[in-house]
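This report looks at how some helices pack, how one helix is enclosed, and where cysteines are joined. Please keep the sequence and the model in view while reading.

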Amino acid sequence: MPDSLRRLPVAAGALPLLVLALIPAASSGDPAGCPPTPLQLAPKGGPGARFTMLIRINKPRNVNQYAKLQSTYGQLRTRDIFLVNTRWKGTSAELQQEIVSRLREEFPCTRMIALNGLASDPQRPGYALSLIDSPRLWGLLLDWERRDWGHARATNHRLSRWKQHFGRSLNRLSSVVGRVAHRARETVSGIERVGAVPSFYGDWHYGRIARMLDRRNRRFGHRRGGIQVVSTQASCMKRRAGQKGMRSTAGRLYREYRRTHRKRRNLAVQISFSDHGRAKRHLPIRAINESRAASCLRAALAGGAGAVLFWASPQSMWALAQTHHFRKLRHRH
């Protein structure tokens with residue numbers, strides 16, 4: 001383990017994609033009239049009842065766009081979660097705080113998570129500990145993928161190369177999660193849950209990752225409190241040789257959770273799309289349009305999913321909100 005990881009408060013460059021869920025100590029911190037804050041990503045119930053959206057926010061004006069979307073279609077729910085994307089290249093600490101304040105004003109009952117990178121420089125986008133002291137967040141998410149690891153190595157040359165081998169990655173992740181949990185326990189922000197969001201690989205076992213996360217969460221008093229969001233967006237693309245669809249992928253993940261006796265409501269999948277997506281493009285966000293995203297959502301729910309991270313612009317989410325499959329799941333509230 002590099003020295004930088006042993007000095008986490010100073011340099012968090014090797015942090016994997018983690019979720020630090022912030023659970024208020026008392027309901028008095030929530031605005032009057034809000035329901036109790038959920039303890040898991042998604043509730044129990046059928047596909048429509050458990051469906052929970054995780055929505056990306058890059059800029060303060062995105063908040064106004066979603067407020068308009070809600071006034072037009074009324075499809076957002078208080079159980080949904082907004083992700084403040086601190087990895088966006090145009091962000092700053094001031095913009096991030098403005099986003100949090102606007103979300104609190106427009107959606108007072110909706111949870112918020114900071115989506116961070118792995119950087120150790122607080123002056124750059126993707127700082128691993130961005131917004132960690134914000135009392136208004138429900139969680140903090142750190143990206144665990146090859147690209148963010150490379151960005152971290154660019155400023156911290158003591159880090160070793162990205163390791164895709166599952167055993168080595170799991171050991172590294174376990175060590176860092178333990179250090180982050182220790183740091184979170186010492187903060188005054190009320191952090192009570194630590195989780196991870198890994199990339200999706202066919203030879204990784206996400207039930208074992210969940211078991212490790214639950215073990216690390218015991219210091220907060222939870223038996224099975226670890227949260228995990230798996231980057232499954234490639235499963236929405238047009239089928240190719242050897243590539244599984246979203247229903248098969250989601251089903252596999254939830255079977256792994258069941259076999260390891262983990263809470264499936266603490267697991268989420270990801271769908272990336274664009275309202276001008278074209279099938280022949282390479283990246284999922286460029287190859288998947290809103291219609292295919294809606295079909296992929298239906299397949300994910302059929303595979304057992306409840307919480308879904310949508311990696312898309314507000315304009316693309318507007319297009320998704322008008323599709324037949326989505327409107328069947330989310331009627332006007």
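How many of the 8 residues of helix 11 (residues 314–321) are buried? In this predicted model, the number is 6 of the 8, so helix 11 is largely enclosed by the rest of the structure. The buried residues of helix 11 are Pro314, Ser316, Met317, Ala319, Leu320 and Ala321. The cover over these buried residues includes strand 2 (52–57) and helix 3, together with helix 10 (290–302), strand 9 (307–311) and helix 12 (324–329).

**Helix packing**

Helix 3, named above as part of the cover of helix 11, also packs on helix 4. Helix 3 spans residues 60–73 and helix 4 spans residues 93–106, and their axes lie 8 Å apart at an angle of about 20°. That angle makes helix 3 roughly parallel to helix 4, since angles under 35 degrees are counted in that class. The crossing of helix 3 with helix 4 is right-handed. On the side of helix 3, the contact is made by Pro60, Arg61, Val63, Asn64 and Ala67, while helix 4 contributes Leu95, Glu98, Ile99, Arg102, Leu103 and Glu106. Sorted by class, this contact of helix 3 with helix 4 consists of 6 nonpolar, 1 polar and 4 charged residues.

A further pair is formed by helix 7 (residues 206–216) and helix 8 (residues 246–259), whose axes come within 8 Å and cross at roughly 45°. Helix 7 and helix 8 are therefore oblique to each other, and their crossing is right-handed. Helix 7 enters the contact through Tyr206, Gly207 and Ala210, and helix 8 through Arg252, Leu253, Glu256 and Tyr257. In the contact of helix 7 with helix 8, 4 residues are nonpolar, 1 is polar and 2 are charged.

**Disulfides**

A disulfide is a covalent bond between the sulfur atoms of two cysteines. Searching the whole structure gives 2 disulfides, and when the bonded cysteines are counted along the chain the pairing follows the pattern 1-2, 3-4. The table sets out the two links.

| Disulfide | S to S | Angle about the S-S bond |
|---|---|---|
| cysteine 34 to cysteine 109 | 1.8 Å | -80°, left-handed |
| cysteine 236 to cysteine 296 | 1.9 Å | -70°, left-handed |

The disulfide of cysteine 34 and cysteine 109 links distant parts of the chain, 75 residues apart. Cysteine 34 belongs to the loop between strand 1 (18–22) and helix 2 (47–50), whereas cysteine 109 belongs to the loop between helix 4 and strand 4 (111–116). Is cysteine 109 buried or partly exposed? With a relative accessible area of 27%, cysteine 109 is partly exposed, because the buried class is reserved for values under 20%.

The link between cysteine 236 and cysteine 296 places one partner in the loop between strand 7 (228–230) and helix 8 and the other in helix 10, so the pair ties together parts that are 60 residues apart in sequence. Cysteine 236 is buried, its relative accessible area being 3%, and cysteine 296 is likewise buried, with a relative accessible area of 5%. Helix 10, which holds cysteine 296, is also among the elements that cover the buried residues of helix 11, and helix 8, which bounds the loop of cysteine 236, is the partner of helix 7 in the oblique pair described above.

Note on methods:
Residues numbered from 1 in each chain as written. Predicted model: local features only at pLDDT ≥ 70, side-chain atom pairs only at ≥ 80, totals over all residues. Heavy atoms only, no water. Axes fitted to C-alpha atoms, helices over the stretch in contact; angles between N-to-C directions. Helix = DSSP H or I, 4+ residues; strand = E, 2+ residues; numbered from the N terminus. Parallel < 35°, antiparallel > 145°, perpendicular 65-115°, else oblique. Left-handed = near helix turned anticlockwise from the far one by under 90°. Contact = heavy atoms within 4.5 Å. Nonpolar A, V, L, I, M, F, W, Y, C, P; charged D, E, K, R; others polar. Buried < 20%, exposed > 50% of the residue type's maximum accessible area, 1.4 Å probe, protein only. Disulfide = S-S within 2.5 Å.
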